[in-house]
Structure formats: C-alpha cells, structure tokens
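Work through the exercises below with the model in view. Each task is followed by its solution.

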Amino acid sequence: MNIRILMILSLLIGIGAVLHAIVPPVIFGVKPDMLLSMMFLGILLFPKLKYVIILSIATGAISALTTSAPGGQIANMIDKPITAIIFLSLFFIISKTLRPLPQAVILTAIGTMISGAIFLSVALFLIGIMEGSFVAMFSIAVLPAALLNSILIAVVYPIVQRILKRTPQLMMT
C-alpha cells in the first residue's frame, strides 16, 4: 500500500469528520452525512479494493463516533462498508461511459441514497419503528443529503483532480 495515498485518504476522513461535526441540522434535527461525500471522493480518486475497504471501515467508525441518531452507531458500521463496495462496483460499471465529473456527481447522488437506505433500514429496525417512517425519513433526510453531497463533489472533485495531476507520484499505486 502506498503511504501517500493512505495519508490523503486519512486527510479526507479528517475533513469529512469536521464537516460532519459542524454541519447544522437541516430538517427536523437531521444532519446530512458530509463524511460520506469524502469517502466517495476517496473512492473516486483511488478506486482499488484495498483502499476502499480501509476507507470504508475508518469512515464507518468515525461516523459512528460522531452520530447523534438513535441506533446510528451500529447503522454506520454496517452502512459504510456495504455502500463503499456498491459505489466501487458502480464506478467500474459506468467509468467507461461518462466523463469523470458527471460520473462523480451521479455516483455520489446514487451512493448517498444507497447509504441512506441502508442506514435508515438498520437504525429504524434497531429502534423498532420501521413501519411507515422509512419513506418519510428518506424524503426528509436522505434526498437533501444526496443533493448536498452531489453539489459538494461537483465543486471539490475537479479541484482535487488538478492537484493530484500536479503530483504524479501520488497516482502510482
């Protein structure tokens, strides 16, 4: 494993943790998961299974430590690795058909919705209020988070790509 890549991934997790902690609640006290967008950015930049597994476990742990959602600790630890593997699979499926920026934005929106669905399913199951609340919570929390994460990736991804192109030793894995 490339230490430089691991350092970049850890910086992304750190940035995501700070964003996750300082982003105010949007609707009814629900906060969008900004740490998730940093995980997606890491996967887009370094799409190798070994990095994705490390990144997703670390992201799940940090997310679990900083969540205020009931049942969120367990839900985050389950959600992040599953979402990361699905995201990576989708990345490989559509990587040849779209240009990098639209691909990043679309994958981030889809990945956020997948993550939200898994998170809500686990959390609502754990606290025992699954009936009727999933659709409402998905509409209130996940869809705005998908929009917010997509906008963030649309802004940040091209900047990070330009920076990495200037440091070619980082791209050798």
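**Exercise 1.** State the handedness of the crossing of α2 and α5, then describe how the two helices are placed.

Solution. The crossing of α2 and α5 is right-handed (the near helix is turned clockwise from the far one by less than a right angle; anticlockwise would be left-handed). This is a predicted model, in which local features need pLDDT of at least 70, side-chain atom pairs count only at pLDDT 80 or more, and totals for chains, interfaces and linings use all residues. Residues are numbered from 1 along each chain as its sequence is written, and side-chain values use heavy atoms, without hydrogens and water.

Next, locate the helices, which are DSSP runs of H or I with at least four residues, numbered from the N terminus. Helix α2 spans residues 34-45 and helix α5 residues 100-127; their axes come within 10 Å and cross at roughly 130 degrees. Axes are lines fitted to C-alpha atoms over the stretch in contact, with angles from 0 to 180 degrees between N-to-C directions. The two helices are therefore oblique to each other (not under 35, over 145 or 65 to 115 degrees).

**Exercise 2.** Which residues of α2 meet α5?

Solution. Leu 36, Phe 40 and Leu 44 do so, and their partners in α5 include Gln 103, Leu 107 and Ser 115. Contact means heavy atoms within 4.5 Å.

**Exercise 3.** Is Leu 65 buried or exposed?

Solution. First, place Leu 65 in helix α3, residues 49-66. Then take its relative accessibility of 70%: Leu 65 therefore counts as exposed (over 50%, with a 1.4 Å probe and protein chains only). Finally, the C-alpha atoms of Leu 65 and Asn 76 are separated by 9.2 Å, at 11 residues apart along the chain.

Methods
Buried < 20%, exposed > 50% of the residue type's maximum accessible area, 1.4 Å probe, protein only.
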